[in-house]
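Here is a short briefing on a predicted model. Please look over the sequence and structure, then read the points below.

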Amino acid sequence: MFCRNCGKEVPENAEVCVNCGMKPLMGKKFCQNCGAETKENQEVCTKCGVKLKSSMGKGAKSKLVAGLLGIFLGNLGIHKFYLGYTIPGLIMLLVTVVLGTITFLFLPFIIPGIMAVIGLIEGIIYLTKSDEEFDEMYVQNMKQWF
Ligand SMILES: [Zn+2]
Ligand SMILES: [Zn+2]
């Protein structure tokens, strides 16, 4: 494959480009498949037609995993812990467990239900983003709610 930052050919699965020192898929200037020049916001190589790959810093988190965690375990905030948002994750967990327990006798399942809906909506939002948008919003910029 080719380094997306400098366009030099690098071994398949190379962690770092020996020419420029960057991760080969971190750049956006060249196609990883044929080495043709690409533009910043281009998604597909206009020369060879492959989908341009890019992996951002911070060891890219999986959109699918975060989305599914939000949908199925949203009220425990697990999707937020997964994305590294410790405080919002704790808030959801505590609200569900503590407030959910306190209010259980007179408002059973309401609080955990509300938290589950928040997690569900967040999970769906994650899944509707493109990988690039997800990476930018939730991995790079740490957008903590919705
Ligand atoms: Zn390079
Ligand atoms: Zn190409």
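C3 is buried, because its relative accessible area is 0% and the cut-off for buried is under 20%. C3 also supplies its SG atom to the zinc ion (ligand 1). A second zinc ion (ligand 2) has its own set of cysteine donors, among them C31.

**Zinc ion (ligand 1)**
- The donors are the SG atoms of C3, C6, C17 and C20, at 2.2 to 2.3 Å.
- Angles among the four donor atoms run from 106 to 119°, so the arrangement is tetrahedral.
- The donor residues follow the spacing C-x2-C-x10-C-x2-C in sequence.
- C3 and C17 both sit in the segment before α1 (63-73), so the pair ties together parts 14 residues apart in sequence.
- C17 counts as buried too, with a relative accessibility of 1%.

**Zinc ion (ligand 2)**
- C31, C34, C45 and C48 coordinate this ion through their SG atoms, at 2.2 to 2.3 Å.
- The site is tetrahedral, with angles of 104 to 115° among its four donor atoms.
- In sequence, the donor residues of the zinc ion (ligand 2) are spaced C-x2-C-x10-C-x2-C.
- C31 is buried, at 0% relative accessibility.
- C34 is partly exposed, because its relative accessible area is 23% and partly exposed lies between the 20% and 50% cut-offs.

**Angles in context**
- For four tetrahedral donors, the ideal angle at a metal is 109.5 degrees.

**Domains**
- The chain splits into domain 1 (1-55) and domain 2 (63-140).
- The C-alpha centres of domain 1 and domain 2 are 35 Å apart.

Note on methods
Residues are numbered from 1 along each chain as its sequence is written. Chains are lettered from A and ligands numbered from 1 in the order in which they are written. This is a predicted model: local features need pLDDT of at least 70, side-chain atom pairs count only at pLDDT 80 or more; totals for chains, interfaces and linings use all residues. Side-chain values use heavy atoms; hydrogens and water are left out. Donors are N, O and S atoms within 2.8 Å of the metal (3.2 Å for Na, K and Ca); water is not among the atoms, so sites may look incomplete. Four donors count as tetrahedral if all angles lie between 85 and 135 degrees; four count as square planar and six as octahedral if opposite donors are over 155 degrees apart and all others between 65 and 115; anything else is irregular. Buried means under 20% relative accessible area, exposed over 50%, partly exposed in between (1.4 Å probe, protein chains only). Domain bounds come from an automatic or database domain assignment. Helices (H or I, at least four residues) and strands (E, at least two) are DSSP runs, numbered from the N terminus.
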